[in-house]
Each structure stands twice: as C-alpha cells, then as structure tokens.
Amino acid sequence: MFTDLKLSLFLAYKSIIKGNRGTLILTIFIMSLIFVNLVFTASIFLGLGNTVNNQVINTLYGNIAIEPKKDEKYISDVKTLEQKINSVPGVAGISAQYVISAAISFKDKSGAWAIRSINPDDEMTVTTIHKFMVDGEYLSGLDTDEIILGKEIPGGYGGDLEHLSLGGVIIGDSIDVLFNNGVKRSYRVKGVYDVNFQQSNNIAYISKKEMESVLGLKDKASLLLIKTVDTGNEDQYINKFLELGIKEDIKPWTVYAAMVKNITRSFDMIALLIAVIGLFVASVTIFIIIYVNTISKRRHIGILRAIGLKEKIIIHSYIFQALFYAISGTIIGLFMMFFILKPWFIENPLKFPVGYVSLLIVPEKVMINTISLIAAALAAGFIPSWMAVRETILDAIWGD
Amino acid sequence: MNNVLSSNLENEQEVLLEIRNLTRIYKMGDVRVPALNNVSFNINHGEFAAIMGKSGSGKSTLLHQLGLLDIPTSGEININGKDILKLSESDKARFRLERFGYVFQEYALLPELTALENVFLPAMARGRKKKDYILKATEALEQVGLGVRLDHRPKEMSGGEQQRVAIARALINDPDILFADEPTANLDSSSSKQILELFHKLNLEMGLTILMVTHEPEDKKYVSRVIWLKDGEIAQVNI
C-alpha cells in the first residue's frame with residue numbers, strides 16, 4: 001500500500017515537474033481564482049449580514065432590549081431595573097428610552113416618524129449614533145427644546161426617501177412635533193445624523209427630560225437598550241437577568257433583526273448557488289486537464305500497465321496531480337484573500353443601503369470551501385484516470 | 001496441420017512456458033477473425049527464440065497472449081504446471097511485474113523520467129528499497145552500455161539508446177523471460193545490430209530466456225530457434 005502510494009506520488013510529481021510549465025501555471029491560477037470566487041462571495045454576503053446585524057445592535061436596539069410586560073405600556077421603576085442589570089458582569093451600558101410616534105411638520109411639509117427620548121450620556125454607552133453626526137451637534141442632557149434628526153427626516157441630506165422628508169430643514173430651524181397623545185411642541189433642530197442605515201435614519205431624538213414632560217411620566221421607559229461587552233452570548237445574559245427576577249419582556253437583538261434573517265437566508269442561497277457553480281467549473285477544469293493529460297498519455301498508461309503497474313497506482317497518480325492543482329490554488333487563493341482582498345476592502349468598504357460592507361472571512365466557510373474544492377478535484381482527477389485504465393492494455397498502447 | 005511441433009531441444013531442456021492450443025479470435029461486428037489457431041509449443045529456460053512470419057501471420061498477437069497483455073479466446077499457458085491465464089487481473093499484473101520483461105517496438109519510455117528513473121520504476125513498484133533499486137537500475141544501464149546516460153531523458157537519447165534503456169527496464173526485476181516485440185523495427189541497421197547483440201549477450205551470459213518477434217530474416221543468426229507462423233498457425237520450427 002505504502003509502496004503503491006509512493007510510486008503514485010513519484011509519477012504525479014514527475015508529471016507536474018516535467019510537464020508543461022504554462023499549463024501548470026494556468027491551471028493553478030484558475031484554481032486560485034475559483035477558490036477566491038468561492039470564499040469572496042460567501043465573505044461579502046457574510047459581511048453584508050454582519051453590517052446589518054451591527055447596525056441593529058449599534059443604532060437601534062443594543063445587544064438586548066427590554067420591553068414592557070404584556071398588557072403594560074411602559075416599564076416601571078426603571079432606575080431599580082437599571083441597577084439590577086448593571087450588576088451583571090459584562091453589561092457595558094444601558095439606555096432607557098421612550099419611543100413614541102409623532103407627526104413632524106416644517107412649513108408646508110409634514111410626515112410621521114418615530115421619536116425616541118434618551119439620556120444622551122447613557123445612550124452613548126449603547127449606540128454609536130453620536131459618532132455619525134453629519135451636521136450640527138448631538139443632544140446634551142439639558143436640552144429640552146432641541147431635537148436631532150435622522151438623515152431621512154430633514155431633506156437635503158441625500159436620504160433614500162427624500163420625497164417623504166420635510167423638504168430642506170437646516171440646523172437651527174424650528175420644527176413642530178405633534179405627539180400621539182395630542183401634545184404639540186416646537187423644537188430647534190440641533191443636529192442631523194447619518195448611520196448609513198435607513199431604519200435608524202428615520203428616527204428623531206429628544207431628551208428624556210423633555211419627553212417626560214410631554215408624557216407626564218417619571219422613571220418609566222418604553223424600551224431599555226442594553227449593550228454587552230460581547231456579541232453572541234445574549235442568551236446567557238438574558239438568563240442572568242431572569243435569575244435577577246426581571247419580569248419584563250427581554251429580547252435579544254436577533255429578534256429585531258428577524259427581517260434581516262430573510263435577507264441573510266437569500267444571500268446564503270445565492271452564495272451556495274455561486275459556490276456550486278464555482279465548484280462545478282473547478283471540477284470541469286480539472287477534469288478537462290486530467291482528461292487531456294490521460295488522452296495524451298494513453299500509450300504511457302498502457303505501457304505502465306503492461307510492465308505490471310497496478311491500475312490504482314496510475315489512478316492515484318492522476319488524483320495526486322488534481323490534488324496538487326487544488327491545494328496550490330487554495331493556498332494562492334488564501335493568500336489573495338487575506339493579504340490582498342481583505343486589506344483592500346478594509347480600506348475601501350462597499351457602500352450599501354445598510355452601511356459600509358467589508359469582507360467577513362469566516363474560518364468555517366474557508367474550511368468548507370477548501371474541502372469542497374479538494375473533493376471536486378478528487379472526483380475530477382479520478383473519473384478520467386479511471387476511464388483511461390478501463391481500456392485494454394493493447395488498445396491503450398496501439399489503439400486509435 | 002499438426003501444430004504441436006516440438007524439438008529435441010525442448011525435450012532435453014527444462015520447459016519454462018508450455019503453450020497449449022492457444023487460440024485468439026477477434027470479433028469485428030458479426031465477423032470472427034481468427035488471429036491464432038490452436039497454437040502449441042514450449043519455451044525452454046535459457047532459450048532465445050524468435051517468432052517470425054509474414055505481416056498478419058499472428059506474431060505479435062501470439063506474443064501479447066504469452067505476455068499476458070491480451071486474453072486469448074481459448075488455450076493454456078502453463079508455468080510450473082499452473083495455467084497463468086486463470087490468474088485474476090491483479091495477479092496477472094503482479095506476474096507481469098515480477099516474472100516478465102517487455103521490450104516494445106516504440107521504446108515505450110516515459111518522457112518525463114530520466115533513463116535511471118524509467119529503469120527503476122518496475123523495481124520501485126515491487127517495493128524494493130530506494131538504495132537497492134537505484135543501484136540495480138544503474139547496473140542494468142551499465143550492462144546495456146548506458147552508464148553515462150543515467151540522468152538523460154528519452155528525448156535527449158537516440159532511438160537505439162532509448163531501446164537499450166527499455167531493455168534495462170525489462171531486466172530490472174530479473175524476469176524469467178523477456179518478450180521483445182519487433183525491438184529493432186524503428187532502428188537503423190547499426191543500432192539494430194547493437195540491440196540484437198545485446199540480446200544475444202544477455203542470453204549467453206545471463207541465461208536470460210528471450211522470445212522475440214521479428215520480421216528481419218538476418219535476425220535468425222542471433223537466435224537458437226525460429227518459430228514460423230502462417231495464418232495464425234505454427235508453420236515450421238527451425239533450430
């Protein structure tokens with residue numbers, strides 16, 4: 001067995017080393033492109049999903065959100081609740097919000113948007129909106145007559161839904177807000193933010209203090225956003241919150257990203273289709289190369305069999321050649337992914353409606369694609385060589 | 001015609017190959033074309049025999065059956081009383097590797113291998129140690145006068161030299177018999193003479209049994225026996 005493998009390796013090695021150099025380079029280059037295509041497609045879709053997920057966490061809900069108990073409109077005794085949550089190791093920030101819909105009008109334009117109220121200092125521990133001010137300034141805790149707007153609301157900031165905007169509000173303008181409890185107030189626009197995520201850019205923020213005066217409430221909230229130091233372990237945190245006796249409705253960010261799941265699933269399907277096509281192309285490429293190789297070496301295969309070499313030695317030698325093409329292509333493909341494409345995309349991320357998207361190269365996906373390519377190479381190397389040794393020795397040596 | 005033509009020489013010497021009623025019929029559509037018809041003869045240890053005959057007489061077909069390169073329609077090829085045609089395909093391959101040597105008309109070397117590598121390939125396949133098969137291959141190449149061409153690839157050698165490499169390859173596993181299928185057909189007269197003299201030397205000095213297909217009448221002087229074939233049957237045996 002070992003002797004046979006050694007001989008197969010020897011024949012494969014000689015065929016590669018002494019074969020046509022141009023064909024060898026071209027084959028490996030094609031393999032590396034196929035590998036890059038496989039990993040790149042998966043990575044860009046994963047990056048896209050990752051961006052959406054990060055947007056949901058960083059600009060809308062944090063890692064975990066607490067909503068009022070069933071049949072209750074607000075969370076009560078928020079300060080005590082915050083203390084309990086803060087006692088859990090790994091909690092990085094909490095922001096209590098009131099969330100209310102309101103009609104906002106400016107001159108002859110108006111529209112309905114969600115308004116959230118925040119304690120800016122707390123909010124900055126959970127979301128990153130303060131880092132994305134494109135005009136004016138972020139709220140301060142003392143602001144009661146000022147409002148900040150997401151890019152979609154004022155108009156003139158390049159929003160995706162410009163036709164639904166207020167048509168050109170600028171910093172310092174006064175806009176009217178009619179809350180859904182009937183209270184109407186005017187606010188000076190203090191800032192405009194753009195987090196590159198339409199759902200987040202459709203929200204206006206006022207201070208918690210101001211909202212409590214509008215609603216006539218104290219120490220309550222409609223939503224409690226919690227930021228944790230790590231992402232992916234939300235269920236463990238939720239269990240700890242439940243152990244602390246928190247009875248409110250606790251949800252991980254993934255619940256809010258449910259609509260994104262459909263998109264992610266579609267992306268996965270597209271990536272899978274592209275991967276299957278890529279693997280098919282890889283298989284066909286290797287098959288053709290090995291097939292042409294076996295056709296051109298038909299006589300030699302016959303001679304090897306005539307002098308007593310086992311068929312499996314010959315088949316294995318071609319499989320080793322195919323593996324060499326696939327593994328070399330994979331190594332070069334990995335180099336291209338990690339040392340050329342990934343750094344380039346970090347410097348030049350793609351701008352999507354959901355934000356800036358870079359490659360997310362996941363080791364498991366790389367492993368799956370590597371194994372798939374090698375498996376495809378195995379099959380593509382085996383079939384033509386198996387076909388070649390099916391011939392009779394005489395046909396192989398002297399046949400047409 | 002009686003196809004069992006044995007010689008006194010056969011009777012005196014130890015028989016290596018015992019061929020009995022060997023028949024090979026090719027099918028071309030519905031037409032049956034007999035290439036060998038009920039051929040029987042013996043090959044003795046240490047014999048250098050030639051199979052001769054006109055084109056289409058069945059010379060190469062006979063050699064292919066004896067060398068286990070083809071499957072006869074019927075008949076027996078006995079070695080030590082055992083019919084080797086009944087071996088499985090893998091055992092036949094092993095038999096070819098360990099007991100037979102082959103020299104083909106077109107040299108049949110692997111172009112990507114050097115002379116040394118071409119020669120040691122069958123020994124490597126037998127599982128010999130690297131040191132041993134390299135030494136043995138070197139000796140075999142020296143024996144055929146190519147000790148200085150070890151690292152040359154086939155394309156860097158003349159036809160005669162390539163054929164001598166093929167002979168060295170055939171010798172590497174110390175075969176019981178060497179089958180040569182028109183080994184000089186593609187060579188000039190000088191190279192042909194060298195090859196035949198080499199065969200003669202191997203036969204005389206090493207006692208190597210050789211069965212050679214040839215169509216050159218002058219090759220008769222190198223062999224101890226000529227088996228003449230005509231229309232797939234043994235027509236005559238000359239000693």
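## A strand of chain B and the salt bridges of chain A

Strand E3 (residues 48-53) of chain B pairs with strand E8 (residues 209-213) of chain B in the parallel sense, over four bridges. Helices (H or I, at least four residues) and strands (E, at least two) are DSSP runs numbered from the N terminus, and two strands pair if DSSP finds at least two bridges between them. This is a predicted model, in which local features need pLDDT of at least 70 and side-chain atom pairs count only at pLDDT 80 or more, while totals for chains, interfaces and linings use all residues. Residues are numbered from 1 along each chain as its sequence is written, chains are lettered from A and ligands numbered from 1 in the order in which they are written, and side-chain values use heavy atoms, with hydrogens and water left out.

Within the pairing of E3(B) and E8(B), B:Ala49 stands opposite B:Leu211. Strand E7 (residues 177-181) of chain B also pairs with E8(B) in the parallel sense, over five bridges; here B:Ile177 has B:Thr209 as its bridge partner. E7(B), helix H7 (residues 189-206) of chain B and E8(B) make a right-handed β-α-β unit, a crossover being right-handed if, with the strands pointing away from the viewer, the path from the first strand over the helix to the second runs clockwise.

Five of the five residues of E8(B) are buried, that is, under 20% relative accessible area, with exposed meaning over 50% and partly exposed in between (1.4 Å probe, protein chains only). Both faces of the strand are covered: B:Thr209, B:Leu211 and B:Val213 lie on one side, and B:Ile210 and B:Met212 on the other.

The second topic is charge pairing. A salt bridge is a side-chain nitrogen of Lys or Arg within 4 Å of a carboxyl oxygen of Asp or Glu. By this rule the count comes to 25 over all chains. Three of chain A are listed below.

| Salt bridge | N to O distance |
|---|---|
| A:Glu67 and A:Lys251 | 3.1 Å |
| A:Glu146 and A:Lys190 | 4.0 Å |
| A:Lys151 and A:Asp194 | 3.3 Å |

A:Glu67 lies in strand E1 (residues 64-67) of chain A and A:Lys251 in strand E10 (residues 249-252) of chain A, so this pair ties together parts that are 184 residues apart in sequence. A:Glu146, in strand E5 (residues 146-150) of chain A, and A:Lys190, in strand E7 (residues 184-193) of chain A, tie together parts 44 residues apart in sequence. Both A:Glu146 and A:Lys190 are buried. A:Lys151 and A:Asp194 are buried as well. In addition, A:Asp4, A:Lys310 and A:Lys312 are linked in a network of salt bridges.
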